[in-house]
Amino acid sequence: MPEILGRLGYRVTLSELTKSELRNILVDVKDSPFKQYQALFRECGQELVLPEDEINRIIDTAVENKTGARGLNSILGQYLQNKLASMELPLDEYQDKKEP
């Protein structure tokens, strides 16, 4: 069905998401970008905590750039880039899995 809908010549305008809706998408939904990054940090033995003002800054950036919900993941990734680069990966575990 999605293949058919993509071929129809309808125009649909969507209203912009509110900051509250963007916050819900960023932090609260089951597979939110924030929860995915928390799981990544947890695998590396670290805890990811973002203060409310930092969450608001990420949301404000999405609103200013008009990227909506799709932009939240990349904005969060850019924000966490330095933290991700300085993380020590548990290489011992991965090397043990590769060897028979």
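Trainee: Which residues touch the most other members of the largest nonpolar core?

Mentor: The general idea comes down to this: in soluble globular proteins, nonpolar side chains tend to be buried together. Here we have a predicted model, and its largest nonpolar core holds 16 residues, of which Leu26, Leu50, Ile58 and Leu76 touch the most other members. At least two residues of this core come from each of α2, α3, α4 and α5.

Trainee: What does Leu26 touch, leaving out residues up to four places away in sequence?

Mentor: Its contacts are Ser32, Pro33, Phe34, Ile55, Ile58, Ile59, Leu72 and Leu76.

Trainee: Let's go to α4. Which of its residues are buried?

Mentor: Keep the helix geometry in mind: an α-helix has 3.6 residues a turn, so residues three or four places apart point the same way. In α4, the buried ones are Glu54, Ile55, Ile58, Ile59 and Ala62. They fall within an arc of 140° when you look down the axis, so they line one face of the helix. That face packs against α2 (19-28) and α5 (72-85).

Trainee: How far apart are the end C-alpha atoms of α4?

Mentor: They are 20 Å apart, which agrees with the 20 Å that 14 residues (52-65) should span at 1.5 Å a residue. Just after α4, Lys66 takes a positive phi of about 55°.

Trainee: Glu54 catches my eye. Why does Glu54 count as buried?

Mentor: Buried means under 20% relative accessible area, and Glu54 counts as buried because its relative accessibility is 12%. The side chain of Glu54 also makes a polar contact of 3.0 Å with that of Tyr79.

Trainee: And Thr18, where does that sit?

Mentor: Look in the loop between α1 (2-7) and α2. Thr18 is partly exposed, at 41% relative accessible area. Sequence distance and spatial distance are worth reading together: Thr18 and Ile59 are 41 residues apart in sequence, and their C-alpha atoms are 9.6 Å apart in space.

Trainee: Back to helices, then. Which residues of α3 are buried?

Mentor: Pro33, Phe34, Tyr37 and Phe41 are the buried residues of α3. They cover an arc of only 95° around the axis, which puts them on the same side of α3. Their cover includes α2 and α5.

Trainee: Which residues are exposed on the other side of α3?

Mentor: Arg42 and Glu43 are exposed there. Follow the chain just past α3 and you reach Gly45, which takes a positive phi of about 80°.

Definitions and conventions. Residues are numbered from 1 along each chain as its sequence is written. This is a predicted model: local features need pLDDT of at least 70, side-chain atom pairs count only at pLDDT 80 or more; totals for chains, interfaces and linings use all residues. Side-chain values use heavy atoms; hydrogens and water are left out. Helices (H or I, at least four residues) and strands (E, at least two) are DSSP runs, numbered from the N terminus. The expected span of a helix is 1.5 Å times one less than its number of residues. Buried means under 20% relative accessible area, exposed over 50%, partly exposed in between (1.4 Å probe, protein chains only). The arc is that of the directions from the helix axis to the C-beta atoms. Contact means heavy atoms within 4.5 Å. A polar contact is a pair of N or O atoms within 3.5 Å; within protein, one must be able to donate a hydrogen and the other to accept it, and residues adjacent in sequence count only if both atoms are side-chain atoms. A nonpolar core is a set of buried Ala, Val, Leu, Ile, Met, Phe, Trp, Tyr and Cys residues joined through side-chain atoms within 4.5 Å.
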